[in-house]
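This report describes one protein model, part by part. Keep the sequence and the 3D view open while reading.

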Amino acid sequence: MNDLSSFKCQEFYSARELAEIAKKRGITNFPHTIRGVLDYAERSSWHVMGERFCRKRAGRGGGLEYHFTLLPDFIIATIEGYAMKEAVKAAQEAGQVTGRSKMDALKAALLGSRARAVMEARAEVLQSIDGYAISQGQKRSWGITQFLKAQEAYETRQDIELRRDAGQILTVDEAASLAKPLLLTADHGFCLDPARITLANDRKTATSVKRRAIYDWFKTRDEAGATALAPTPPKAAAPIHPGFAGFLKHYAIGSKPSAPDALKRYLKEENPPKELRITLNQVKHILNNRLNNIERNVGREGLLTLRSRLAYVTRTDDDMWPTTIYSGDGKTFDAEIADPVTKRPIRPEITTIVDTVTRKIVGISLARSENQRSVAEALRNSCVNHGIPAIFYVDRGPGYKNNAMDADVSGLMGRLGITKMHAEAYGSQAKGRIEIINRNVWNPLAKDLPTYMGQDMDKEAGDKIHKLTRRELKEFGFSRSLPSWDEFVRLCEEKVEEYNAKPHLSLPKFEDPETGRLRHMSPNDCWEAHAQKGFEPVPVDADEADDLFRPYVIRVVRRAQVDWGTNTYFDMELERYHTQKVMVGYDYHQADKVWVREFDVSTGQPGRLICVAGFMANAERYVPLSYEEKALETRANARKKRLEDKIEGVEAERNAPYLVDQSESLEASFLDVTPEPIEAVDLSPIQLAVDNTSVAPRRRTFGSDEELAAWALENPEELTRGQIEVLRECMDSATARELFRLSGIDTEALRNLLRVVA
């Protein structure tokens, strides 16, 4: 016994086996000889334990065998360890066999049709030889000899038959050979079909297999498996030219240059060495024969376009109820609409929510841009009219990824119990159902309007309507060519009703009760079919519809007041919640009140309604500033700042020639500071303080800085210190000076006046 791998967890062990176990393992406190084991058993009284634990081994001259429970613990542990190793080894070998089988199957699958056919023909020849030799109880070499004899006899008979069919006279022996069956045809089962033999030889004219070839095939199959019988593949393709990588730097760019242009630029700009210079024919060969459709366009197309070339997964919803998944998306309308407030042209944002099971549009909202307010409004309409969804599947836009939607405490998703799923970046294909609605509902509606601005709009026609609307806005303050907001809302609602009632090709067919013919269901039909099967949506209670969708934020009560935005709200009910956290709900369109609820610590959601707190004055404003008004003011301030920057740039450009070489005349300018006299202005009576005994005049107020400047030029004697400081700040601003000039104010006279009173 060379090793212990043959030992298994058996019930009885002989003295020889125990001695070899101890010797191979190197156990020092157990005998390594048969005599020593027998003595050890004698001392341990194993012989008196009865036949149940000590028995004679079967066979001639059988010695004693000892039950494994009599063995010392360390011997038992050693045996179990080797048995475990043997089991692991067997499992690994079985896994390797399975792995080799899978690998062989994979290799066979990767073979070309011709190579696979040759492999199968050769395997068939070898299998027929092995089968016949085994059935006759002979060796493989005998079977090969019989195959060659049968092959020779088959060829001879074929030749005789051809001669007979050609009308040649046959000998007596040849005629007799045709009368008797072919050698071994009754029982050998050899593969002798000429077409199969020719295919196995992988030659067009070889109709017989040579002895040497058969032995080579057997050797190959025994060493590497049946897949190795396939003919040797052609020589591996030559490596791609090293200069192709440099060419790609000029070819794989977004402007998509042609191959000749990119190659010309590569050779001209980089001037590569001789070994890196590549020809146009080599470039075309690599592009057309060595690269696939994806590799050819990497770098020339973005990830989103490339993904449209890749395989995709078709998602099914056959086992889902309506409202399981709502999918939402926003689209900028491809036509101009009159703003409901300013009447100026805008491209509104349409937020659409569709039920993915029935393809029904369950809610929309119309706004100036995609934001959390428009998304919440669309989701509110969907939930109130059709039920709360389980999953809300959206993209990663700012309208869907914000605190108002996602916050653990006050987020809309958590309060409604909706699980939100975001589509992967550059994965618009995953939202194909909502994208189809954008393309088939809103684009046709935009094309029906005269102010259409899509990519396929004729440029001349687009410029014409653009100039017309701007001219009418300038002359009349509104344009008859711009659809009104109310008209736009009505058209959108009609489009939604039309889409939901129209048969959808992706929905099942059913028998139309009116016509009796089969047709595809419309989204309304599909929704009704689910309702008849027992579907009931999760409704929103009427008394909770408004408050449930109202955004809530966490605030701390301070002396019966809570803050939101720049406003402060007060109610006496809040006095007992001083320094405690509460949930403050607000409305997007009004700011005169907020809804204050208790903060439920256990659920993190708004709890019992405490009060509706009213607006009170604060240090910043004397009128409440709503969420919408604040957004409008922010936009107006940003626009004003951009205009100021433009005016300052124009002013700097105008004054640039006068700033050149000004340092040379700096000293002279400071020496001559005599102001020009102001005609018809007597400066002596100007007083900056009134007599203590006189009655203080009523303070004059002005509607704008321009009005103050005009009054100052007419009444310089009545200027106060505060008014002088205001005018100085205005004259330091290029924007204010330009506004003064546009209002007809002499800025130079005003500047001289301010110098005199300094």
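At the start of helix 26, a side-chain oxygen of D746 lies within 3.2 Å of the backbone nitrogen of E748. The model is a predicted one. Helix 26 covers residues 747-756, and E748 is part of this helix. The side chain of E748 also takes part in a polar contact of 3.0 Å with the side chain of R751. Further back along the chain, M731 is 17 residues away from E748, and the C-alpha atoms of the two are separated by 10.0 Å.

Is E748 buried or exposed? Its relative accessible area is 47%, so E748 counts as partly exposed; the partly exposed class lies between the limits of 20% and 50%. Other residues of helix 26 are buried, namely T747, L750, N752, L753 and L754. What do these buried residues pack against? Their partners are helix 23 (705-714), helix 24 (721-731) and helix 25 (734-742).

**The chain as a whole**

The protein chain holds 26 helices and 18 strands. Of its 758 residues, 35% are buried. Its accessible surface comes to about 47,200 Å², and carbon and sulfur atoms account for 52% of that surface. Among contacts with a separation of 6 or more, 60% are between residues 24 or more positions apart.

**Two buried side chains in helices**

Two further residues can be read in the way used for E748. H250 belongs to helix 9 (residues 244-251), while E472 belongs to helix 17 (residues 459-476). H250 has a relative accessible area of 10% and is therefore buried, as buried means under 20%. E472 is buried as well, with a relative accessible area of 7%.

The table sets out the values for the three residues.

| Residue | Relative accessible area | Class |
|---|---|---|
| E748 | 47% | partly exposed |
| H250 | 10% | buried |
| E472 | 7% | buried |

What surrounds H250, apart from its neighbours within four places in sequence? The residues in contact with H250 are P257, A262, R265, Y266, E269 and E270. With E270 there is also a polar contact between the side chains, at 2.8 Å. For E472, with residues up to four places away in sequence left out, the residues touched are G477, F478, S479, R480 and S481.

**A pair of crossing helices**

Helix 4 (residues 113-135) and helix 5 (residues 140-165) have axes that come within 8 Å of each other and cross at roughly 115 degrees. The crossing is right-handed. On the side of helix 4, the contact is made by V125, I129, D130, Y132 and A133. Helix 5 contributes R140, W142, G143, I144, Q146 and F147.

**A sheet of three strands**

Strands of a sheet pair through backbone hydrogen bonds, in a parallel or an antiparallel way. One open sheet has three strands in the order 1-3-2, and its pairing is antiparallel. Strand 1 (12-14) and strand 2 (54-56) are the edge strands, each with pairing on one side only. On average, neighbouring strands of this sheet are turned by 35 degrees against each other, with direction ignored.

Three bridges join strand 1 to strand 3 (residues 64-67) in the antiparallel sense. At one position, S14 has E65 of strand 3 as its bridge partner. Helix 1 (residues 15-25) packs on this sheet and touches strand 1 and strand 3. The direction of helix 1 makes about 80 degrees with that of strand 1.

**A sheet of five strands**

Another open sheet is built from five strands in the order 8-7-4-9-10, with mixed pairing. Here the edges are strand 8 (360-367) and strand 10 (419-422), each of which pairs on one side only. From one strand to the next, the twist averages 20 degrees.

Strand 9 (residues 391-394) and strand 10 run parallel and are joined by four bridges. Within this pair, V394 stands opposite H422 of strand 10. Which strands does helix 18 touch where it packs on the sheet? Helix 18 (residues 485-501) touches strand 7 (349-355) and strand 8, and its direction makes about 170 degrees with that of strand 8. Helix 19 (residues 523-532) packs on the sheet too, touching strand 4 (325-332), strand 7 and strand 8. For helix 19, the angle with the direction of strand 8 is about 125 degrees.

Technical notes:
Residues are numbered from 1 along each chain as its sequence is written. This is a predicted model: local features need pLDDT of at least 70, side-chain atom pairs count only at pLDDT 80 or more; totals for chains, interfaces and linings use all residues. Side-chain values use heavy atoms; hydrogens and water are left out. Buried means under 20% relative accessible area, exposed over 50%, partly exposed in between (1.4 Å probe, protein chains only). Helices (H or I, at least four residues) and strands (E, at least two) are DSSP runs, numbered from the N terminus. Contact means heavy atoms within 4.5 Å. A polar contact is a pair of N or O atoms within 3.5 Å; within protein, one must be able to donate a hydrogen and the other to accept it, and residues adjacent in sequence count only if both atoms are side-chain atoms. Accessible areas come from the Shrake-Rupley method with a 1.4 Å probe; for residues, only the protein chains shown count as cover. Two strands pair if DSSP finds at least two bridges between them. Axes are lines fitted to C-alpha atoms, for helices over the stretch in contact, and angles run from 0 to 180 degrees between N-to-C directions. A crossing is left-handed if the near helix is turned anticlockwise from the far one by less than a right angle, and right-handed if clockwise.
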